[in-house]
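Here is a quick walk through one protein chain, written for someone who likes to check distances and angles. Have the viewer open and follow along.

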Amino acid sequence: MSDERSFAERLAHLIATVHPPDRKPYSYREIAHGVAEQTGVTMSATHVQQLAVGARKDPKRSHIQALAQFFGVPVTYFFDDEVAGQVDRQVGDVVAWRDTEARNLAQRAMQLSPRDRETVTALLDQLAGYDETRRRDGRRRKPE
């Protein structure tokens, strides 16, 4: 594994972000039950927790495969930085889409002409650059 993120950090990230929009993250018990139900691989809630916090550093191949299946990610998510980055971006998009405000903005933007959508995109890029510059320089935008 590279220095980027450990298996535990990647699993903890999935636990925190991959869940239905109308609820909080799955409990370790729910994950263990779901893994057994979906894959037939058994693991205790304690085992899932130990993997997620890094107390167990060498998960079995069958557990890795079962957890990947439960969370709907490729097994390589846990070992390949590029795959993990792609999956994390996709999950981030889904989480953002759950955000009503972001969804409303996207729906409103789709009603604009292509030229006006380009203008909105340019504005968003400009604002993101502005915020990044201020963060880098140690200054923050005034609260609204």
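With which side chain does the side chain of R10 make a polar contact? The partner is D81, and the two side chains come to 2.3 Å of each other in that polar contact. Keep in mind that this is a predicted model, so every distance here is computed from predicted coordinates.

**Helix α1 and its buried side**

R10 is found in helix α1. Its relative accessibility is 1%, so R10 counts as buried, the cut-off being under 20%. Besides D81, there is a backbone partner to look at: a polar atom of the R10 side chain lies 3.3 Å from the backbone oxygen of R5.

R10 has company on the buried list. Helix α1 spans residues 7–17, and its buried residues are F7, A8, R10, L11, L14, I15 and T17. An α-helix has 3.6 residues a turn, so residues three or four places apart point the same way. That is a handy thing to hold in mind while reading the list.

What do these buried residues pack against? They pack against α2 (28–39), α3 (45–53), α4 (61–71) and α5 (81–98).

T17 also has its place in helix α1. With 17% relative accessibility, T17 counts as buried because the cut-off is under 20%. A polar atom of its side chain lies 2.7 Å from the backbone oxygen of H13. If you leave aside neighbours within four places in sequence, T17 is in contact with V91, V95 and R98.

Here are the polar distances from this part of the chain, side by side.

| Side chain | Partner | Distance |
|---|---|---|
| R10 | D81 side chain | 2.3 Å |
| R10 | R5 backbone oxygen | 3.3 Å |
| T17 | H13 backbone oxygen | 2.7 Å |

**Aromatic pairs**

How many aromatic pairs does the structure hold? There are 4 of them. In one of these, the rings of Y26 and F70 have centres 5.3 Å apart and planes at 65 degrees, so the pair is edge-to-face. Y26 lies in the loop between α1 and α2, while F70 is in helix α4, so the pair ties together parts that are 44 residues apart in sequence. As for exposure, Y26 counts as partly exposed at 24% relative accessibility, whereas F70 counts as buried at 14%.

Y77 and F78 make another edge-to-face aromatic pair, with 5.4 Å from centre to centre and 85 degrees between the planes. Both Y77 and F78 are buried. Bring in F7 and you have one aromatic cluster, formed by F7, Y77 and F78. F7 is also among the buried residues of helix α1.

**The largest pocket**

Now for the other end of the numbering. The largest pocket has a volume of about 180 Å³. Two elements give two or more residues to its lining: α6 (100–110) and α7 (114–136). Which residues line the largest pocket? They are L105, A106, R108, A109, L112, V120 and L124. Helix α6 supplies the largest share of that lining, with 4 residues. If you're thinking about the chemistry of the lining, the classes come out as 6 nonpolar, no polar and 1 charged.

**Two spans to check**

Two C-alpha distances round things off. T119 is found in helix α7 and is partly exposed, with a relative accessible area of 42%. How far apart in space are T119 and A66? From C-alpha to C-alpha they are 45 Å apart, with their positions 53 residues apart in sequence.

G34, in turn, is found in helix α2. Is G34 buried or exposed? It is buried, with a relative accessible area of 9%. G34 and F71 are 37 residues apart in sequence, and their C-alpha atoms are 9.7 Å apart in space.

Technical notes:
Residues are numbered from 1 along each chain as its sequence is written. This is a predicted model: local features need pLDDT of at least 70, side-chain atom pairs count only at pLDDT 80 or more; totals for chains, interfaces and linings use all residues. Side-chain values use heavy atoms; hydrogens and water are left out. Buried means under 20% relative accessible area, exposed over 50%, partly exposed in between (1.4 Å probe, protein chains only). Contact means heavy atoms within 4.5 Å. On a 1 Å grid over the protein atoms alone, a cavity is a set of points where a 1.4 Å probe fits but cannot get out, and a pocket is an open set with protein on both sides within 12 Å along at least five of seven lines; lining residues have an atom within 4 Å of a point. Grid points are joined across faces, edges and corners, and a volume is the space filled by probe spheres set on the points. Ala, Val, Leu, Ile, Met, Phe, Trp, Tyr, Cys and Pro count as nonpolar, Asp, Glu, Lys and Arg as charged, and the others, Gly among them, as polar. A polar contact is a pair of N or O atoms within 3.5 Å; within protein, one must be able to donate a hydrogen and the other to accept it, and residues adjacent in sequence count only if both atoms are side-chain atoms. Rings of Phe, Tyr and Trp (its six-membered ring) pair if their centres lie within 6.5 Å; planes under 30 degrees apart count as stacked, over 60 as edge-to-face and the rest as tilted.
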